[in-house]
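Hi,

Here is the structure I promised to pass on to you. Have a look at it first, and then read my notes below.

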Amino acid sequence: MNRFSLAVSRGIARVTEAALGPYQTAVIRIGFSATWLLFLLRELPHRSELYGPDGPWSWGLAEQLIRANEAFTVLMWSDGRIWFEIVYALAILSSALLLLGWRTRTMSVVFMVGVLSLQNRSVFVGDGGDNVLHLMSVYLVFTRCAQVWSLDARRAARARAARERGERVTDRTGPALWCVSGFVLIAVTLAGRMEGDWLIPALLWTVWAAQALWWLAGRRATSGEPRILLDVVAGIVHNGALLVIMAEACLIYATAGWYKIQGSRWQDGTAVYYPLHLEYFSPWPALADLLSASGTLVMLVTYGTVLVQVAFPFTLFNRRVKNVLLALMITEHAVIAVVLGLPFFSLAMIAADAVFLPTSFLRRLGGWASRARDRLLRRGGRTPVPEQHAPESPETTHVGFGT
Amino acid sequence: MDAYDEGANARHGPDEPVGRSAPADQVLSVAASAEPLDQGPPLDQGLPPDQGLPPDQGPPLDQGPPVDPRSGIAALSLPGQIVVVLALAVVAVGVCVHLGMTFLHVAPTNTVTREHGKAVDDWIYPEFEQNWKLFAPNPLQQNISIQARAEVRDGEGGTVTTGWYDLSAEDGRAIDGNLLPSHTQQNELRRAWDFFLATHDTENRPVGLRGSLSETYLRRIVELRLDRDDAVRAATGGGGAVERVQVRSRTSNVPPPEWSREKVSTTPSYRELPWWPVPAAGAGGGAR
């Protein structure tokens with residue numbers, strides 16, 4: 001009883017004192033935005049056919065479907081060619097800026113609007129990878145995913161240093177961005193374009209209002225309390241969203257695994273052979289033949305796939321086993337990217353897997369990346385930027401607490 | 001082996017409702033009346049005043065000496081602590097409800113979903129729809145090729161019927177040796193056909209709004225592709241216009257692996273749709 005209440009209070013303290021997983025949320029931010037960015041660039045020549053007003057799934061067809069399902073898409077605001085080009089360009093721009101972590105909260109919202117707008121406009125051209133991005137773009141809005149490895153983190157560090165030197169730091173870009181987005185939101189709402197399902201419009205307005213609160217709290221308050229309060233609440237929301245993202249990844253694997261168990265081909269150990277021989281999923285027929293030359297090998301991969309997918313959620317209780325499975329799954333997705341010709345699906349899944357990577361590994365990864373960047377910059381004759389660390393590593397918090 | 005998009009199982013799981021196979025695709029019948037009834041959406045309501053300003057994500061920077069906010073709730077006054085507890089409760093409930101709803105959405109039909117299916121659908125649609133039956137329960141074991149031909153009016157008022165163009169084979173060739181297949185090559189036609197099958201009965205009669213939408217969609221893809229293949233010019237030697245198009249599917253089993261003792265017939269079967277008139281240029285898709 002005593003132990004139980006101690007555990008509960010420790011848990012509560014943990015989720016209220018910090019936005020957990022700074023490296024994990026940063027890596028999925030980079031992963032998902034990079035996937036979408038690369039996809040948009042790859043489809044640049046085909047953008048009109050996929051999402052444009054005169055594509056096979058024409059604006060008129062989409063309009064009829066969306067009137068019934070009420071999905072959110074700004075592409076229904078106008079059937080003009082120019083509007084479509086603007087939206088596509090903004091989707092590319094917001095992905096790039098989210099990747100870099102510039103004004104991350106706002107960019108995550110614009111990123112979500114871009115993903116939902118294009119995907120809901122043409123729901124019949126997507127696949128599992130698009131589905132992952134669709135969900136994660138919504139969840140990312142709730143996270144503080146720029147605590148490390150971002151321009152925002154760098155700017156925050158510089159501002160802190162400047163303030164320590166006694167300089168005044170004023171931010172003009174943030175309020176300007178807020179005014180522009182407020183103007184757009186008001187105009188769009190007054191024009192009656194926010195009808196349909198209320199979830200996404202409500203989310204847009206909430207984020208906008210919350211940013212105003214955050215700014216006011218930092219500026220007006222004589223005591224630091226309102227800002228601390230908002231910070232704690234933002235941390236709680238972040239932690240909730242992080243949990244949802246992790247649970248979503250588990251649901252994906254669990255569903256994929258448990259439904260496979262019921263299939264005769266997964267039972268007789270031949271399932272992996274078939275996709276390799278479908279016209280639409282065999283970019284390298286010779287490679288596919290090579291991989292499926294041995295019946296025993298195909299059976300091992302077939303059983304292994306089901307085993308890993310079903311087991312994964314349970315291995316989260318054991319760090320070491322979890323990491324082994326994670327490595328296996330990332331490898332399998334990398335293979336699928338090439339062998340089945342599904343690069344963007346695989347990239348999205350690897351990004352989702354990355355949320356489970358251990359902090360120590362991610363920090364090492366960050367170290368390599370920044371050293372590589374410094375080497376590049378030095379060659380270019382610029383001074384290197386100091387490496388970014390989370391204000392507090394989760395380990396220290398964990399150890400320090402409860403004494 | 002995750003990659004698979006649905007569609008694959010749509011034709012394979014006899015006990016699955018075919019129409020639900022598309023990933024981000026919305027189910028009309030349900031979503032049409034989707035007025036959120038009793039629950040708010042996940043995490044949104046009462047999403048307290050956080051959602052920080054984009055500028056500063058980290059600890060509060062604007063207050064003189066670096067106050068460490070992470071000294072936790074202890075630093076807050078009583079009303080502040082109450083707000084935090086409320087926020088924690090709202091987020092906890094939101095997360096639990098959202099995960100529960102998502103679980104019920106991806107789980108097989110069961111006692112709870114039979115009873116509360118409407119509530120689950122109201123929560124999930126339109127933005128949280130998902131389908132992870134990737135290559136499950138069984139991977140697709142047939143190659144389905146979509147073929148099309150056109151009836152073209154030539155310059156002298158006669159009509160010519162072109163041969164069958166295998167559009168899926170064209171897709172397959174475009175994917176061969178391709179590290180980055182486009183959605184136009186890998187998904188467009190394939191999923192349009194899945195959509196057509198899911199919204200038509202065995203007599204090729206459309207079911208509901210989606211049925212007629214899927215026909216127009218498929219026809220427009222075929223027009224675009226035949227145009228690209230220049231079927232018109234091939235048939236008439238220039239000039240002329242496509243008056244009607246016809247689509248058929250050719251389904252053939254993937255031959256079993258060499259090391260297997262299984263025997264399956266490799267004779268293809270065909271499903272031929274009726275001829276569809278092509279509206280004059282400009283009057284297309286947007287209208288219907």
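Let me start with chain A: among its contacts between residues at least 6 apart in sequence, 73% join residues at least 24 apart. Before you go further, please keep in mind that this is a predicted model.

Chain A has 18 helices and 0 strands. Its C-alpha trace spans about 70 × 60 × 60 Å along the principal axes, and 50% of its 403 residues count as buried. I also checked the radius of gyration: a compact globule with 403 residues would come out near 22 Å, and chain A has 23 Å, which agrees.

One helix you can pick out in chain A is α2, residues 22-42. At 1.5 Å a residue, its 21 residues should span 30 Å, and the end C-alpha atoms are indeed 30 Å apart, so expectation and model agree. As for its surroundings, 16 of the 21 residues of α2(A) are buried, so the helix is largely enclosed by the rest of the structure.

While you are in chain A, look at A:Glu70 in the loop between α4 (59-69) and α5 (81-100). Its phi is near 60°, a positive value in a residue other than glycine. Is A:Glu70 buried or exposed? It counts as buried, because 21 other C-beta atoms lie within 10 Å, and the cut-off for that is 20 or more.

Now to chain B, which has 8 helices and 6 strands. From the N terminus on, the order is α-α-α-β-β-β-α-α-α-α-α-β-β-β. Of its 288 residues, 43% count as buried. For contacts in chain B with a separation of 6 or more, residues 24 or more positions apart account for 62%.

UniProt has an unreviewed entry that places a "transmembrane region" at residues 82-104 of chain B. In the model that span is 100% helix and 0% strand, with its end C-alpha atoms 33 Å apart.

Further along chain B, the loop between α3 (111-124) and β1 holds B:Pro126, and B:Pro137 lies in the loop between α3 and β1 as well. Both prolines follow a cis peptide bond: the one joining B:Tyr125 and B:Pro126 has omega of about 0°, and the one from B:Ala136 to B:Pro137 has omega near -5°.

Then come the strands. Which strands does β1(B) pair with? Here is what I found:

- β4(B) runs antiparallel to β1 (residues 142-153), and 12 bridges join the two. In this pairing B:Ile146 stands opposite B:Ser249.
- β3 (residues 165-166) of chain B pairs with β1(B) in the antiparallel sense over 2 bridges. Here B:Gln147 has B:Asp166 as its bridge partner.
- β2 (residues 159-161) of chain B is joined to β1(B) by 3 bridges, again antiparallel. The partner of B:Arg153 in β2(B) is B:Thr159.

β1(B) and β2(B) also form a hairpin with 5 residues between them. In the turn, B:Gly157 has a positive phi of about 90°.

For a closer view of β4 (residues 241-253), try B:Val242, which lies in that strand. B:Val242 is buried, with 20 other C-beta atoms within 10 Å. Leaving out residues up to four places away in sequence, B:Val242 touches B:Ala150, B:Val152, B:Glu223, B:Leu226, B:Val232 and B:Val278. B:Trp275 is 33 residues away from B:Val242 along the chain, and their C-alpha atoms are separated by 12 Å.

Chain B has a positive phi outside glycine too: B:Asn204, near 65°. B:Asn204 is in the loop between α6 (188-198) and α7 (208-229). With 15 other C-beta atoms within 10 Å, B:Asn204 counts as partly exposed.

Last, the place where the chains meet. How many residues does each chain bring to the contact? Chain A brings 120 and chain B brings 107. On the side of chain A that touches chain B, helix α11 (residues 225-261) gives the most, with 22 residues. That side of chain A divides into 66 nonpolar, 31 polar and 23 charged residues.

Happy browsing!

Conventions. Residues numbered from 1 in each chain as written. Chains lettered and ligands numbered in written order. Predicted model: local features only at pLDDT ≥ 70, side-chain atom pairs only at ≥ 80, totals over all residues. UniProt positions renumbered as here; feature names shortened; annotations may be inferred. Helix = DSSP H or I, 4+ residues; strand = E, 2+ residues; numbered from the N terminus. Expected span 1.5 Å × (residues − 1). Buried ≥ 20, exposed ≤ 12 C-beta atoms within 10 Å, placed from the backbone. Contact = placed C-beta atoms within 7 Å. Rg over C-alpha atoms; globule rule 2.2 N^0.38 Å. Nonpolar A, V, L, I, M, F, W, Y, C, P; charged D, E, K, R; others polar. Pairing = 2+ DSSP bridges.
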